[in-house]
Amino acid sequence: MTTQTPADLYEPEPVPVGELRLDARNPRIQHAGERLSQDEILSILWREYSVDEVAWSIARNGYFPHEALFASEEDGALVVIEGNRRLAAVRLLREPDLRKRMKATDLPLISPEDVAALDMLPVIRRRRKDVWQYVGFKHVNGPQSWGSFAKAEYIAWVRNDVDKSLADIAETIGDRHRTVARLYRAYMAIEQARAAGAYDVDQQRARKRFAFSHLYTGLDYRGIQEFTGIADLEPPTEKPIPSRKMKQFGELCVWLWGDKTRDVKPEVKTQNPHLRQLDEALQSRGGLSALRAGLGLSVAYDVHRGDTALFREALVESRQALQKARGKVLTGFAGEADQLEEIGQIVTLAETLHDDMQDIVAKRRGRGRRSSRRR
């Protein structure tokens, strides 16, 4: 009796290309649905995931035999669970009609001999749940990283369906920064909000590009955490949003991603500085009220900061601008009358502001003296 070694379990076998199917559950494309046709899957991969680069490499160098595909027997088909871009590239190189349908007009034509060399591909047959460690390391924390939402979706599948703990997942893929737990929390919050009817990212977000990182990053911020009541990372939970805070979480999603059903654009366009500004605005009643009134993030942030901070900042910015102008006066001013008029108006405005500030100081000192006499 022979004993199989770990190497034997991962020994590839040649499989005809025609027997292989692209994976509708591929985390890169799962947002588009699980009932996609093979052409629909290939179209997404072609448009969004640089299949052309893989195809050009194969056309020049051939298919490297050590780059085996992983495939799983599912519903009577051999579904490629790792290597979908490579399979898509091979199919496009082999099938001229497919290239036309995909409008992949810039791919090279290969010789009949090269086409024949791609008849069979090396495939390792394994169940999907048996290779999660390999796929997770490679695409979640490894050299061929997916986008953040695809990572989160995969982690949630391993945690909820394969029944592996987040600690096991993190240890297996070498995560030392709690990324696994943060991605899982944000993904489960989105799914919980979708199920509760609070916000549906697929139906409501205003932009095609899904900035999922806004959420999993923002849930670490104090203002956003308190506003949504979101659960801490320990222990992990499949329902991180308290039911009493579901409405607030839906509001947060609209500020992060907009709502095309109501023609509302997102307030957060970039993480720096908008996500931090949103977090701070949520920490004051005035900032929150301004957001809910639709006054915009910049107004809400200013309301949160208050007039004192804004006044001080305006003074500092004015001084810096004048210092910059003075440094350019010898080379930038040639006696133009309009510029002389402009600086005159600035001087008048500065003097008026200075007088206003002195009046405020004098009045406060007067109140202070009267209060002392009363005592």
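# Exercises: strands, rings and cavities

Five of the six residues of strand β4 (residues 77–82) are buried, so β4 is largely enclosed by the rest of the structure. Keep in mind that this is a predicted model. Let's work through it.

## Exercise 1: Place β4 in its sheet

Task: work out where β4 sits in the sheet, and which strands β4 pairs with and in what sense.

Solution.

Step 1. Start with the strand order. The sheet is open, has five strands, and reads β1-β5-β3-β4-β2, with mixed pairing. Its edge strands are β1 (13–16) and β2, each of which pairs on one side only.

Step 2. Look up the neighbours of β4. In the strand order, β4 stands between β3 and β2.

Step 3. Now the sense of each pairing. Strands of a sheet pair through backbone hydrogen bonds, and they can do it parallel or antiparallel. With strand β2 (residues 20–21), β4 pairs in the parallel sense, over two bridges. With strand β3 (residues 69–74), β4 runs antiparallel, and five bridges join the two.

Step 4. Pick out some residue partners. Arg21 stands opposite Val79 in β4. On the β3 side, Glu73 has Leu78 of β4 as its bridge partner.

Step 5. Check the turn. The hairpin of β3 and β4 has two residues between the strands, and Asp75 there takes a positive phi near 55°.

## Exercise 2: Is Leu20 buried or exposed?

Task: classify Leu20, then say how far Leu20 is from Arg178 in sequence and in space.

Solution.

Step 1. Find the residue: Leu20 belongs to strand β2.

Step 2. Take its relative accessible area, which is 3%. Buried means under 20%, so Leu20 is buried.

Step 3. Go to Arg178. The two residues are 158 residues apart in sequence, and their C-alpha atoms are 36 Å apart in space.

## Exercise 3: Sort two ring pairs

Task: a search of the whole structure finds nine aromatic pairs. Take Phe149 with Phe212 and say what kind of pair they form. Then do likewise for Phe227 with Trp255.

Solution.

Step 1. Know what to look for. A pair of aromatic rings is described by the distance of the centres and the angle of the planes.

Step 2. For Phe149 and Phe212, the centres are 5.2 Å apart and there is 70° between the planes. An angle over 60 degrees counts as edge-to-face, and that is the label for this pair.

Step 3. See where the two rings come from. Phe149 is in helix α8, while Phe212 is in the loop between α11 (201–204) and α12 (213–218); they are 63 residues apart, and the pair links distant parts of the chain. Phe149 counts as buried at 14% relative accessibility, and Phe212 counts as buried at 1%.

Step 4. For Phe227 and Trp255, the ring centres are 5.7 Å apart and the planes are at 35°, so the pair is tilted. This pair too links distant parts of the chain: Phe227 sits in helix α13 (residues 222–228) and Trp255 in helix α14 (residues 246–257), 28 residues apart. Phe227 is buried, with a relative accessible area of 7%, and Trp255 is buried, with 8%.

Step 5. Widen the view. Ring pairs link Phe149 and Phe212 into a cluster with Tyr187, Tyr199, Phe210, Tyr216 and Trp257. Elsewhere on your list of rings, Tyr221 has Arg276 over its face, 3.8 Å from the ring centre.

## Exercise 4: Describe the cavities

Task: how many cavities of 30 Å³ or more does a search of the whole structure find, and what lines them?

Solution.

Step 1. Count: the search finds two.

Step 2. Take the largest cavity, with a volume of about 60 Å³. Its lining includes Leu166, Tyr184, Arg185, Asp232 and Thr237. Helix α10 (residues 179–196) gives the most to that lining, with three residues. By class, the lining has seven nonpolar, one polar and two charged residues.

Step 3. Take the second largest cavity, with a volume of about 30 Å³. Trp132, Gly136, Val140, Tyr154, Ile155, Val158, Ile169 and Ile173 line this cavity. The elements that give two or more residues are α7 (132–139), α8 (148–160) and α9 (166–173), and α8 gives the most, with three.

Step 4. Finish with the classes: the lining of the second largest cavity has seven nonpolar, one polar and no charged residues.

Key: Residues are numbered from 1 along each chain as its sequence is written. This is a predicted model: local features need pLDDT of at least 70, side-chain atom pairs count only at pLDDT 80 or more; totals for chains, interfaces and linings use all residues. Side-chain values use heavy atoms; hydrogens and water are left out. On a 1 Å grid over the protein atoms alone, a cavity is a set of points where a 1.4 Å probe fits but cannot get out, and a pocket is an open set with protein on both sides within 12 Å along at least five of seven lines; lining residues have an atom within 4 Å of a point. Grid points are joined across faces, edges and corners, and a volume is the space filled by probe spheres set on the points. Helices (H or I, at least four residues) and strands (E, at least two) are DSSP runs, numbered from the N terminus. Ala, Val, Leu, Ile, Met, Phe, Trp, Tyr, Cys and Pro count as nonpolar, Asp, Glu, Lys and Arg as charged, and the others, Gly among them, as polar. Buried means under 20% relative accessible area, exposed over 50%, partly exposed in between (1.4 Å probe, protein chains only). Two strands pair if DSSP finds at least two bridges between them. Rings of Phe, Tyr and Trp (its six-membered ring) pair if their centres lie within 6.5 Å; planes under 30 degrees apart count as stacked, over 60 as edge-to-face and the rest as tilted. A charge sits over a ring if NZ of Lys or CZ of Arg is within 6 Å of the ring centre and within 35 degrees of the ring normal.
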